[in-house]
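User: I've got a model open and want to see how its labels are earned. Can you walk me through them?

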Amino acid sequence: MTATRAGAAPAARRGGPPPWLPALKALLFVAALLPLARLVLAGTLDWFGGLGANPIELVTRSTGTWTLVLLVASLAVTPLRRATGLNGLVRLRRMLGLFAFFYAVLHFTTYLWFDQWFDVQAIVKDVIKRPFITMGVVAFVLMMPLAATSTDAMVRRLGRRWSTLHRLVYAVAVAAILHYWWHKAGKNDFSEVGWYAAAVALLLGWRVFDRLRAR
Ligand code: HEM
């Protein structure tokens, strides 16, 4: 075989998705479900040492951490796409973003249910009194319109406004970092949150740089 017909050129070179993308997407889908599977198996069958002495704290922390990890991963897709020229990677962004929202719902529900027992008065008081909870709620509320407009139909319907709206994801990331930072400030422990803050700062910085360069 010497030459390739134009029509048979590799999909990635034609700008289409590379052939391995569906496999990567399936792998990421399964990987994103593993933290939930771990919690369910630990809680029901006592696997992985169970949920420990403070199960509510463990579940809140695990779901909060995975919300942030998946949020940062979804933000990293565009720079990665530009760096590699693999436009098909964009197909992973929506899945990662929706998984981030899924873990945020679990995180928030754990707080509402097992931390506050749906006591509306206590929740309102807590949101007003503790800035770290206020920031968590801000991040969560800002995520809602993004999740609600993630379908292909909404992308088509909103047109250019969709991209403008989805810039909100950076505000979500900043609010999430502030939430985590404030939470850790009480313990004077910034070792982990510092890495997440640096990643978000880097991704935001890249975005600003990219926009300035485009102008
Ligand atoms: C996008 C939204 C959110 C993200 C990314 C997020 C992320 C996090 C992270 C990373 C932690 C710290 C985990 C650790 O200490 O290892 C945390 C803790 C916590 N979050 Fe969130 N969170 C969000 C929204 C919320 C909301 C809406 C609430 C409740 C109103 C909330 C309540 C809490 C609580 C109570 C803790 C402390 C758990 C503990 O140490 O006992 N979070 N969150």
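User: Which helix supplies the largest share of the shell around the ligand?

Analyst: Keep in mind that this is a predicted model. Helix 2 gives the largest share, seven residues. Helix 3 (90-115), helix 5 (131-148) and helix 8 (168-185) each bring at least two as well.

User: Which residues come nearest to the ligand, and what makes a residue count as near?

Analyst: Near calls for a C-beta atom within 6 Å of the ligand. There are 23 residues around it, and Gly64, Thr67, Gly136, Ala139 and Ala176 come nearest. Sorted by class, the shell is twelve nonpolar, eight polar and three charged residues. Glycine counts as polar here, so Gly64 and Gly136 go in the polar group.

User: How do you know what span to expect for helix 2?

Analyst: Take 1.5 Å times one less than the number of residues. Helix 2 (residues 55-84) has 30 residues, so 44 Å is expected, and its C-alpha span of 42 Å is close to that.

User: Where does helix 2 bend, and what follows the helix?

Analyst: The bend is about 30° at Val77, with Pro79 following within four residues. After the helix comes Gly85, with a positive phi near 75°.

User: Which residues does Ala100 contact, and what makes that a contact?

Analyst: The C-beta atoms have to lie within 7 Å. Setting aside neighbours within four places in sequence, Ala100 has Thr67, Leu70, Leu71 and Ser74 as contacts. In the largest nonpolar core, which has 30 residues, Ala100 is among those touching the most other members, along with Leu70, Leu71, Val172 and Ala176. Helices 2, 3, 5 and 8 each supply at least two residues of this core.

Notes. Residues numbered from 1 in each chain as written. Predicted model: local features only at pLDDT ≥ 70, side-chain atom pairs only at ≥ 80, totals over all residues. Bend = angle between axes of the 7 residues up to and from the residue. Core = buried A, V, L, I, M, F, W, Y, C linked by C-beta atoms within 7 Å. Buried ≥ 20, exposed ≤ 12 C-beta atoms within 10 Å, placed from the backbone. Contact = placed C-beta atoms within 7 Å.
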